[in-house]
Every structure is written in structure tokens, then in C-alpha cells.
There are 2 protein chains.
Amino acid sequence: MESFQMQSFPQYEIKILNYEKVILANQGDNLAQKILEAGINLRVDCQRKGLCGKCLVEIIKGKLPPLRKKENLILKEKGLKTDKYRLACLYKIESDIKLNIPPESIIHEISTLKTGIKSSLTLNSALKKYYLALKKPQISSPHSGLECLQRGLPKKYLINNLDLVKKLPKILDKSKFKVTAVIYRDNEILSLEPGHTLDEAYGIAIDVGTTTLVASLLNLNNGQILEIATSANSQMQFGADVISRISLAVSNSKNLSSLKKAIITSLNQMITELIKKTQIKRNYIYEAVIAANTTMNHLLLGIPVASLATAPFHAVFSKLPPLSNQEAGLNIYKYGKIYFSPNIKSFVGGDISAGLIASNFGNRPGNYLYLDLGTNGEIVLKTEDKLIATSTAAGPAFEGMNISCGLPALPGAIYKASYDSRLVFSTIKNKKPRGVCGTGLIDLIAIFLEREIISCQGRIKNKAGKIKITENIYLTQKDIREIQLAAAAVKTGIKMMLKKHNIKSKDLDGIFIAGAFGNYLNIKNSLKIGLLPEIDEKKITFIGNAALAGAQALLLSLPAREKIESLADKIEYLSLASQAKFQDDFVNSLEFKKWSI
Amino acid sequence: MESFQMQSFPQYEIKILNYEKVILANQGDNLAQKILEAGINLRVDCQRKGLCGKCLVEIIKGKLPPLRKKENLILKEKGLKTDKYRLACLYKIESDIKLNIPPESIIHEISTLKTGIKSSLTLNSALKKYYLALKKPQISSPHSGLECLQRGLPKKYLINNLDLVKKLPKILDKSKFKVTAVIYRDNEILSLEPGHTLDEAYGIAIDVGTTTLVASLLNLNNGQILEIATSANSQMQFGADVISRISLAVSNSKNLSSLKKAIITSLNQMITELIKKTQIKRNYIYEAVIAANTTMNHLLLGIPVASLATAPFHAVFSKLPPLSNQEAGLNIYKYGKIYFSPNIKSFVGGDISAGLIASNFGNRPGNYLYLDLGTNGEIVLKTEDKLIATSTAAGPAFEGMNISCGLPALPGAIYKASYDSRLVFSTIKNKKPRGVCGTGLIDLIAIFLEREIISCQGRIKNKAGKIKITENIYLTQKDIREIQLAAAAVKTGIKMMLKKHNIKSKDLDGIFIAGAFGNYLNIKNSLKIGLLPEIDEKKITFIGNAALAGAQALLLSLPAREKIESLADKIEYLSLASQAKFQDDFVNSLEFKKWSI
């Protein structure tokens with residue numbers, strides 16, 4: 001006799017109402033597994049152990065299995081009805097089901113850049129929280145407090161922080177062994193909190209510029225930006241540009257620590273402001289990600305910068321593992337972590353690497369330029385098979401420094417100018433004009449060129465050798481020279497990068513301009529004075545504060561960190577100064593005129 | 001036509017003279033590889049990259065390949081002849097060779113216990129040192145200092161220590177990029193030293209007892225013990241036994257930190273003494289391994305001990321990852337590491353786990369008892385398939401406490417007594433008798449029993465109720481009762497462990513007695529008063545200070561750490577107090593008499 005085997009057909013129908021999807025399932029299948037298989041990005045931080053409480057679903061129709069203890073605890077803490085909600089990861093399918101998946105239970109795509117190009121990432125931060133009802137030690141099995149904790153967790157996580165070990169008995173006692181464990185990078189117990197705190201998980205992303213600092217506070221559970229703060233870098237008191245601060249730090253190690261203190265103070269003021277505005281507890285801010293130029297991240301950590309002052313102009317570090325906040329003393333969780341977007345080489349720092357991540361620069365097909373123009377102009381060229389970076393010392397003119405009536409991009413700075421039978425200009429925050437910032441200078445030069453007030457060699461044609469803009473604001477011959485030098489430095493940098501890698505201007509598929517500078521830059525005028533090569537204006541995109549956007553991306557996504565760390569290794573560096581033709585090219589670039597190669 | 005392929009026969013003969021071995025090799029074979037294949041334990045710490053300088057061989061006859069740069073540097077630093085020595089790991093075989101392998105190039109087996117049983121391990125410490133001639137950064141490739149270092153190392157090791165990053169530029173400058181990197185656990189750059197320091201690598205093993213501390217300084221390159229120091233635990237001023245110190249620490253957190261300070265001070269005195277005697281630099285002592293009972297390792301780290309004071313008597317931690325020395329402040333390398341032999345459960349602490357490693361206890365076939373008798377009697381039973389541990393509160397009588405003329409095992413303590421027509425006794429260091437310590441008390445009780453001065457119920461038969469030993473030294477009825485209680489606690493512990501696991505006294509293949517106590521214990525007398533079950537005396541072995549031996553083993557061998565960490569998880573715990581028959585058994589054990597089950 002032959003034996004027949006029944007083929008098993010899926011028995012049950014699972015309707016996900018708010019996704020308009022139907023899945024088939026067998027008796028005993030795991031609901032979370034089935035939802036994931038259906039291509040829905042359900043959140044399951046805890047490897048389906050019912051600890052993170054993220055995969056809650058609302059059961060509209062179908063068998064409601066008895067509540068598990070962990071489930072009950074989580075529903076109670078969240079104030080959800082026990083006759084409606086279940087954790088999908090603990091749910092065994094035993095009937096047809098109709099359900100809704102609340103948006104909080106879904107991993108969202110988060111867009112990294114708000115302006116310019118589109119780029120997004122999946123939320124996957126370094127922090128995971130687990131709510132645990134721990135087994136208490138018994139006289140017959142007197143497990144240590146730490147063992148009790150470790151036994152409740154999905155993996156054997158390390159505890160590296162002795163202070164946390166010291167606090168452990170009190171936390172366990174106080175909470176009656178019901179605690180929330182904060183795990184860092186799926187590896188380390190970073191914090192331990194009495195009771196249920198799954199909903200509180202925050203991080204800070206910071207763009208540390210030479211002049212300006214911007215910090216944003218993010219909810220790590222959903223990637224939302226809750227608040228943004230900005231501040232001047234109080235290192236300004238020690239020197240306006242990077243070079244003067246490096247000189248100061250090198251001259252005396254006390255200065256190095258003053259510079260460190262200054263920046264940390266500024267950062268903490270911003271963080272305190274963020275905390276105040278959002279009413280979020282400092283201890284729930286577990287990580288800060290910092291995107292800073294090479295000099296800034298060295299000074300912030302008190303690392304000597306002498307090697308940046310002389311050839312071959314190399315940094316002390318490029319990548320660091322996440323540091324303990326005890327090293328920096330930021331106003332976040334005392335034992336929180338600080339991650340630095342890696343430095344690439346020399347002055348091409350963590351602000352640039354962060355920007356590359358935000359703009360998904362490495363993965364675009366075609367030839368692209370990435371520009372970040374400030375005291376140093378950083379230029380990254382992407383060809384079909386390579387990434388090359390360089391840094392060109394533009395000098396501080398574009399930041400309004402060394403210009404008679406120059407001003408950084410602060411309220412009252414003329415940032416935009418045009419000519420319509422007379423000179424028309426806009427100031428930042430519409431304040432009374434106090435001076436001119438970088439973008440304003442570019443517009444003015446373009447106007448003066450067109451109106452033949454200056455020659456394309458940069459000579460002021462009037463006898464006074466001075467151009468009046470308002471009653472008190474003017475440009476001198478020396479000012480024009482400063483701008484000329486700054487523009488030539490950038491121009492030479494771009495030219496040499498393109499030439500070296502055999503890319504013609506017309507081969508460029510796009511130019512990304514990052515930095516606060518970029519937002520107000522007039523493209524036509526930039527082309528006119530020759531700051532950028534002549535290409536189709538549509539190919540030029542302002543991507544805003546890409547360093548901050550990158551810091552946010554790195555805060556929200558571990559895979560983004562892996563990506564930038566490996567990218568930072570791969571990017572080649574072109575030293576302009578070591579190129580034989582640099583001086584020639586530089587001199588040839590001094591004229592204000594359109595160019596292409 | 002058919003094509004014939006020549007079979008390739010080994011071409012060359014490699015004679016290792018001092019091992020009397022001949023190996024066959026082909027053109028181009030790696031010499032280190034061939035030596036290892038021949039079963040000779042050649043040292044190759046650096047994965048055969050010519051960085052650790054450990055695999056030097058003396059070429060007596062054969063082709064001497066041109067010196068590689070790294071090789072030349074190492075030979076020069078070691079003052080060896082370049083026409084005789086080569087690194088085997090860089091040597092390609094191209095001729096017959098006759099060679100000698102110096103003993104320094106071989107991994108030795110190191111015996112862990114000097115007394116009693118034999119047990120050994122292979123040297124494989126957590127520290128590896130690499131001597132590196134780093135490539136300097138160039139203007140065309142301005143690698144950061146840290147990158148230069150990382151590129152010279154065989155793997156991408158992390159640097160977790162920001163102070164080391166800060167010092168990096170100076171070290172590179174000063175040494176002209178010739179440095180020795182100290183790697184911890186094949187993972188982390190622990191230190192960086194200018195120039196060649198491969199020969200300097202030390203560690204400290206410490207037995208932290210309630211009363212006495214012993215520290216030994218070891219050469220991590222060859223496993224040799226260079227010096228030993230002992231000291232009283234200066235926590236003694238706060239209470240003689242563990243319980244009184246726990247009470248004190250629980251009463252006030254200031255006391256906890258005083259207790260911490262006291263023990264750290266004592267440890268540092270010992271370490272300073274070791275450094276002074278050996279003239280070894282503090283910065284070359286990279287790691288300390290500590291074997292301490294549960295209370296001591298908690299107090300040493302300033303961890304609250306309240307949970308050890310009340311049922312279920314559980315510790316705060318059992319295992320910790322290696323801590324930074326900054327947490328403890330020992331007089332070793334500032335950023336060195338401290339590894340704690342893991343606590344098993346409750347009062348069965350790191351001293352016991354270390355002792356189990358030293359005696360290879362877990363791997364012996366048969367049934368064994370491991371005893372460490374002090375204020376607490378720790379007992380571990382090994383059966384064919386299980387390991388079970390318990391702790392019994394013997395009270396401090398065996399440490400000479402609570403006894404009218406009791407004394408710890410210090411100079412002048414009577415530690416041995418016999419009767420040969422009159423009472424004969426020995427004192428520690430032959431000093432004038434000042435009192436009686438634990439082993440002396442056991443001998444005296446046995447003598448008094450035999451001479452019927454006391455009954456086996458422990459009653460002093462003379463009217464005075466007091467037994468004179470010397471002019472000033474005597475035992476009172478209360479003293480006898482204290483000893484009786486202590487012995488009964490141990491006896492009950494052993495009995496219950498054996499009963500619970502169905503082991504008869506005669507089934508025991510051996511009893512190991514650890515602790516300073518053990519060395520002077522008179523076996524006959526111990527059996528007579530009923531401290532130990534009646535078994536063949538030959539089966540009882542004193543293994544001396546097994547905690548120190550274990551700490552040394554853990555310092556020298558990473559696999560030993562893995563072994564004890566997994567063993568500590570597996571050992572079951574028997575809580576005597578929670579056993580129904582404990583009180584009965586205890587009362588029945590009070591009589592001084594031989595016993596077996």
C-alpha cells in the first residue's frame with residue numbers, strides 16, 4: 001500500500017487593514033514573522049523576545065491569546081487596552097485575524113536632507129531599550145544582581161561602567177527588579193533605569209563649525225527632530241579662523257585646554273537650551289554625534305594640533321571608536337557616548353564626511369563635485385570609480401574676515417545684492433546693514449564687474465580706490481584682492497582636481513554646495529566671477545547644512561557609520577601644494593571671469 | 001602524446017639541532033610554519049609579520065637570506081649578530097639548514113601549583129607587544145598619526161584611551177616613528193612606547209584575603225615569577241572578619257570608601273615593594289589579576305555590599321570585563337587593566353574560582369572535594385557530572401579570632417603542637433609564643449581529646465574550666481565551644497554536600513585543601529576531631545595558596561580565563577541554610593569524633 005501525505009495548505013488569513021494586505025499563515029506561525037515576511041517593516045528591536053515593546057498590533061478580530069507576563073507589563077505601562085493590543089512577536093496564530101499596525105510599530109524611512117537632493121535612511125540607532133521584569137535571586141540560587149540583569153537580557157551584554165555596577169543594587173531594590181536596560185551597539189549595557197522608560201530615547205547631532213555651532217535633539221524611537229539650537233563658537237574670542245587657533249594651541253598647552261573649555265561651554269549652552277525647550281531629561285540623551293572639521297574635533301577633545309600646523313599637515317586621528325562622554329563632559333547622560341564623524345585626511349574633516357553621508361555622495365552614478373566653502377574650501381570629486389578629496393586654503397574672506405566692512409553671516413550682514421538701476425540688498429534677519437558677508441561679497445563683485453567699476457584683474461577703476469555701498473559700508477582695493485585670492489584658491493582646487501582625473505567641466509553631472517554659505521550663494525554671480533566652472537546652472541544644488549544632516553544620519557543609523565568609516569578609508573587625497581603646477585594654475589586663476597576646462 | 005607531471009618531492013632538509021629533529025621542506029616554504037608543523041611550540045605573537053621579534057632562530061648552516069628592514073631593527077635592538085640570527089617567520093627556505101632554536105623563542109609550559117598536585121598551562125597572556133618602524137605621513141598622503149600606527153599593526157586595533165591619542169604625536173615625534181605598541185586581548189592598543197621595548201612586559205597576580213594579601217610580579221614574556229610580597233590587609237583596623245566589615249560598609253557609604261582606600265593602600269605598598277626590588281618600571285606592568293573572596297572584591301571596588309548582609313546573600317557582580325586601572329588606581333601602568341577571577345555565587349568568590357583553575361579541578365576524572373577553610377569554609381564538590389559549591393559560616397575561630405589567646409597566622413603563633421610526654425609546639429618564624437592560630441588549635445584539641453582533658457562533647461574536665469598551654473596562653477571552655485562550632489559548620493557542609501549528591505566518603509578520590517591554613521594542617525588530627533571525613537590520608541592533598549596560583553595562571557593564560565568564566569556559570573550552588581535538615585545535621589556534628597557516610 002502506498003502512503004499518502006497530506007499537503008499542508010495555509011489555514012488562516014491575516015488581514016492587515018491599514019496596509020490593505022492579506023497574508024496566509026499556518027497554525028502556530030509567529031505573527032511578527034509573518035508581518036515581516038509580507039515586507040512590512042515591523043519594529044522588533046529585541047530579537048522577538050517581548051522585551052522592547054515595539055511591535056504592538058491592534059487586534060480587530062481574531063483569537064486574543066492570553067496575555068503573557070511581559071506583555072501585560074508593557075501594555076499596562078503604555079496604558080493600552082489588554083483586550084485590543086498584543087505584541088506581534090509573542091503572538092502565535094491560531095485563527096483568522098484582522099488587525100491594524102500602529103505607525104509607532106513601523107520602522108520609518110527618514111530623509112536626511114531637507115533641501116536639494118533627496119536621500120533617506122532606515123532608523124537603526126546605536127541604542128536599544130529593553131523593559132525587563134527580572135527574576136529575583138533566591139536563597140537556593142543567589143545569582144548576583146548583575147547576573148539577574150544579564151539573564152533577563154536577550155544576549156550577554158557587557159557592563160563596562162563600574163559606577164553603574166555600584167548603582168545596580170539600589171536600582172534593583174527601588175524598582176523591585178523591574179527595570180529598563182539601555183544597550184549600546186548591541187554590545188554594552190550603557191544605562192539601567194528603574195521601571196518602564198522605553199519611550200524615552202534621545203540623541204543629539206551637532207555641527208561644530210569654526211564660527212557657528214548648530215545642535216539638534218532627536219527622538220531615537222522615531223527619528224524626529226524635536227528642537228534645534230544654534231550658537232556662536234566661543235572659541236572666536238581666541239581667533240577668527242582655524243589657523244590662528246592652531247597657532248595659539250601650539251604655543252602653549254594651557255591655550256589648548258582653554259580652547260577645549262570654550263567649545264565645550266558653547267556646546268553645553270546649546271544642549272541646556274534644547275533640554276529646557278523640550279523638557280527632556282538629560283539622562284535620556286544617550287549619545288551625541290559630532291560633525292566637525294579636523295581642527296575643531298581635535299580642539300574639542302584637547303588633542304594637540306601641532307601636526308596640523310606644518311607640512312605634511314596631518315591630523316592626530318581620523319577615526320575614533322565612540323568615546324565615553326566622561327572624556328568630553330557634555331550635558332547629556334554622564335556615561336553617554338560621543339561619536340565623531342571621521343576625518344578623511346588633513347583638513348578634510350568630519351564635517352565633510354558627514355556631508356557625504358547626508359548626500360549619499362559615494363553611491364551616485366556619474367561625476368560629481370562636493371564643495372564646502374569657508375576658510376578652507378573642501379572639495380570632493382566623485383568619478384565613476386574614485387573619490388578624491390582636497391582642501392584649499394581660501395583664507396577667511398568668504399567668512400567676512402580680513403575685509404574692511406566684512407561680517408560673518410550674522411544679523412545685519414548684507415548677504416544678497418543686485419542692481420536694478422540702483423544697488424538693492426538684503427540683510428540677515430532684515431536688520432540694519434552692519435557689513436557684508438561672503439555671499440554678499442560675491443554678489444557685489446559680480447555687479448561691480450558688470451558695471452565696470454572693477455576690472456576683471458580686480459582693479460578698482462575709480463580714483464578713490466574704494467567703493468561705497470552704504471554710508472558706512474565700503475570695499476577697498478585690499479578687500480577686492482582678498483576676495484580674488486579666496487576665489488582663486490577654490491578655482492585652482494577645482495581645476496586641478498578635474499585635470500588630474502581627466503574630467504571636463506561638461507562631464508560633471510552635478511555640483512553639490514554644502515555649508516550655510518551655499519544657501520544664499522547666487523549661482524549666476526558665482527559663475528560670473530569664476531568661483532565655479534561654467535556648467536548648466538540646473539546641475540548646481542545647494543544642500544544646506546549637510547554636516548548637521550550627516551550628524552543626524554549617523555545618530556540614527558549604524559549602517560551609515562559603517563559606510564562612512566569604510567568610505568573615509570577609500571577616499572584618496574590630492575595635495576594641491578605638492579602639485580608642480582599649483583603656483584601657475586593659481587596665478588592663472590586670479591582673474592574674475594567664467595571658465596571651463 | 002601524454003604529458004607527464006613531475007611529482008614534487010621535498011627538496012631540503014631542516015635539522016633542528018637542539019631538538020634533534022629533521023624536517024623536510026620545499027623551495028620557498030616558511031621556516032616558522034615548518035617548525036610549528038613539526039610540533040615545536042615556536043613563539044609567533046604577531047601572526048608571522050615580523051613585528052614581535054619572538055621567533056628568532058640561530059642559523060648554523062644554510063643560506064642566510066638578506067636581512068629585512070624590520071628584522072635588522074629587531075636584531076640591532078637585541079644586540080644579536082646579523083650573520084647568525086633570523087626571524088623564522090620571515091625566512092623563506094632555499095637550502096638545507098642546520099639551526100638552533102633558543103629557549104626564548106619557545107612557548108613554555110608553566111606549572112601553576114608548586115605544591116601538591118601537578119597542573120600546568122601554556123603561556124598566552126592578554127598582552128602582546130609589537131615593534132614597529134612606521135611609515136611617516138607624506139604631503140601627498142597625510143595619514144593621521146593614529147592611522148600611521150594602525151597601518152603598521154597586523155590588525156586594525158582600537159584605541160579606547162583618549163589620553164593615549166593625546167600623547168601620540170609626541171611619542172611619534174620623539175621616537176621618529178619607531179615605537180612599540182602594546183596590544184591587549186588582540187583587540188585594543190593599551191600603550192605605546194617610544195623605541196624598542198619588546199623585552200619589558202610584566203603583570204601582577206594578587207591574592208586578596210580577608211586577613212593577608214600576597215602579590216607576585218611576573219614576566220609575561222616567559223611566565224617567570226620575579227618577586228613576591230606579602231602584607232596584612234589594612235582593612236583589619238575596621239574589623240577582623242568579613243561580616244564586621246560588611247556591617248560597617250552598609251552602615252555608611254563613607255565607611256565603604258574608607259574600606260576601599262585601606263585595601264588599595266595595602267595593595268599599592270606591596271606593588272611598590274615589588275617594583276623597588278625588581279627595578280622594573282611601573283609603566284611596563286600592564287595588568288593585575290585579582291583573586292579575592294566576594295566581600296573583598298566588592299570592597300576593593302567600592303561596590304555596596306548590603307545584598308551580602310541579608311538573605312538571599314547575593315553578590316552585586318560575579319563576572320566583570322577587565323577594568324581600566326583608572327577605576328582602582330593600582331600602582332601599575334595608569335591605563336593598565338585589572339582582571340578579577342569571577343565570583344561563583346554568594347560567598348563562594350574569586351579566590352575559590354582561581355583555586356579551581358590552579359588545581360585544574362573541573363577536569364579531573366572522579367569525585368573530589370575542594371576545601372578552603374577560613375572565616376567562611378568554602379566547599380566545592382566535583383562528581384562525575386557536576387560541580388557544586390557551598391559556603392559555610394565557620395566563624396573566625398580558625399583564623400584565631402574570638403579565642404582568648406587566639407592569633408592569626410602571624411609570627412609567634414603556635415601553628416603546630418604534639419604530645420611526647422609533654423606538650424611540644426612550634427611557632428611561626430620560631431618567635432616567642434604569643435598565641436595560637438587555627439592549625440595549632442586543631443592540634444591542641446586533638447591532644448586534649450586523646451589525653452581526655454576534654455570530652456568529645458567538648459567539655460573541659462578539670463575544675464578550672466581552663467587549659468593552660470604556656471605561662472600566658474590558655475584555652476577556656478568558651479574557646480573550645482567556638483572551635484566546636486567552627487568545625488561543626490565545616491563538617492555539616494561537607495556531609496550535606498556528599499549526601500545531597502549521593503557520594504559516600506569512600507567514593508571520594510581526593511580532598512584538596514587550599515589556603516595558608518592548609519599547609520600546616522595536621523591531617524591525622526583533622527580526622528580525629530572530625531573536621532574532615534575519614535578517608536585514606538594519602539587522598540588528602542594540601543595545595544597551598546591556590547588563589548594566588550590561580551591568579552598567576554589567569555595572568556598568564558587567556559584560555560584559563562575563558563575556562564573559569566564558563567565554569568563559574570556551570571557550578572551549581574547549594575545553600576546549606578535552605579536545606580531542611582541543616583539544623584539537625586549541625587547539632588549532630590558538634591561532637592569531636594571521626595565520621596564517614
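# Exercises on contacts, helices and rings

**Exercise 1.** Leaving aside neighbours within four places in sequence, state which residues I159(B) is in contact with, and whether I159(B) is buried or exposed.

*Solution.* Contact means heavy atoms within 4.5 Å. With those neighbours left aside, I159(B) is in contact with L320(A) and P321(A), and with L146(B), L164(B), V165(B) and I189(B). This is a predicted model, in which local features need pLDDT of at least 70 and side-chain atom pairs count only at pLDDT 80 or more, while totals for chains, interfaces and linings use all residues. Residues are numbered from 1 along each chain as its sequence is written, chains are lettered from A and ligands numbered from 1 in the order in which they are written, and side-chain values use heavy atoms, with hydrogens and water left out.

Next, locate the residue. I159(B) lies in the loop between α3 (145–152) and α4 (162–175) of chain B; helices (H or I, at least four residues) and strands (E, at least two) are DSSP runs, numbered from the N terminus. I189(B) is 30 residues away along the chain, yet the two C-alpha atoms are separated by 5.1 Å.

Finally, classify the residue. Buried means under 20% relative accessible area, exposed over 50%, and partly exposed in between (1.4 Å probe, protein chains only). I159(B) has a relative accessible area of 3% and is therefore buried.

**Exercise 2.** Describe how helices α6 and α7 of chain B pack.

*Solution.* Begin with the geometry. Axes are lines fitted to C-alpha atoms, for helices over the stretch in contact, and angles run from 0 to 180 degrees between N-to-C directions. For α6 (residues 253–278) and α7 (residues 294–301) of chain B, the angle is about 100° and the axes are 7 Å apart. The helices α6(B) and α7(B) are therefore roughly perpendicular (angles under 35 degrees count as roughly parallel, over 145 as roughly antiparallel, 65 to 115 as roughly perpendicular and the rest as oblique).

Now list the residues. L256(B), L259(B), K260(B), I263(B), I264(B) and L267(B) of α6(B) make the contact with L299(B), L300(B) and L301(B) of α7(B).

Then sort them by class. Ala, Val, Leu, Ile, Met, Phe, Trp, Tyr, Cys and Pro count as nonpolar, Asp, Glu, Lys and Arg as charged, and the others, Gly among them, as polar. The contact of α6(B) with α7(B) has eight nonpolar, no polar and one charged residues.

**Exercise 3.** Apply the method to α9 and α14 of chain A, then find how many residues of α9 in chain B are buried.

*Solution.* In chain A, α9 (residues 350–358) and α14 (residues 546–556) pack at about 75°, with axes 7 Å apart. Hence α9(A) is roughly perpendicular to α14(A). The residues of α9(A) that meet α14(A) are D351(A), A354(A), G355(A), I357(A) and A358(A). By class, this contact of α9(A) with α14(A) has nine nonpolar, two polar and one charged residues.

In chain B, α9 (residues 350–358) has nine of its nine residues buried. Elements covering these residues of α9(B) include β14 (285–292), α7, β17 (368–373), α14 (546–556) and α15 (558–570) of chain B. Just after α9(B), N360(B) takes a positive phi of about 50°.

**Exercise 4.** Identify what is notable in the backbone at R185(A), S346(A) and P312(A).

*Solution.* Recall the background: most residues other than glycine have a negative phi, and most peptide bonds are trans.

- R185(A), not a glycine, has a positive phi of about 50°; R185(A) is in the loop between β9 (178–184) and β10 (188–194) of chain A and is partly exposed at 35% relative accessible area.
- S346(A) also has a positive phi, near 50°; S346(A) is in the loop between β16 (337–340) and α9 of chain A, and counts as buried at 4% relative accessibility.
- P312(A) is joined to A311(A) by a cis peptide bond with omega of about 5°, in the loop between α8 (306–309) and β15 (323–324) of chain A.
- In chain B, a cis peptide bond joins A311(B) and P312(B), with omega about 0°.

**Exercise 5.** Classify the ring pair formed by Y368(B) and F512(B).

*Solution.* Rings of Phe, Tyr and Trp (its six-membered ring) pair if their centres lie within 6.5 Å; planes under 30 degrees apart count as stacked, over 60 as edge-to-face and the rest as tilted. The count over all chains is 16 aromatic pairs. For Y368(B) and F512(B), the centres are 5.4 Å apart and the planes are at 40°, a tilted pair. Y368(B) lies in strand β17 and F512(B) in strand β25 (residues 510–514) of chain B, so the pair ties together parts that are 144 residues apart in sequence. Both Y368(B) and F512(B) are buried.
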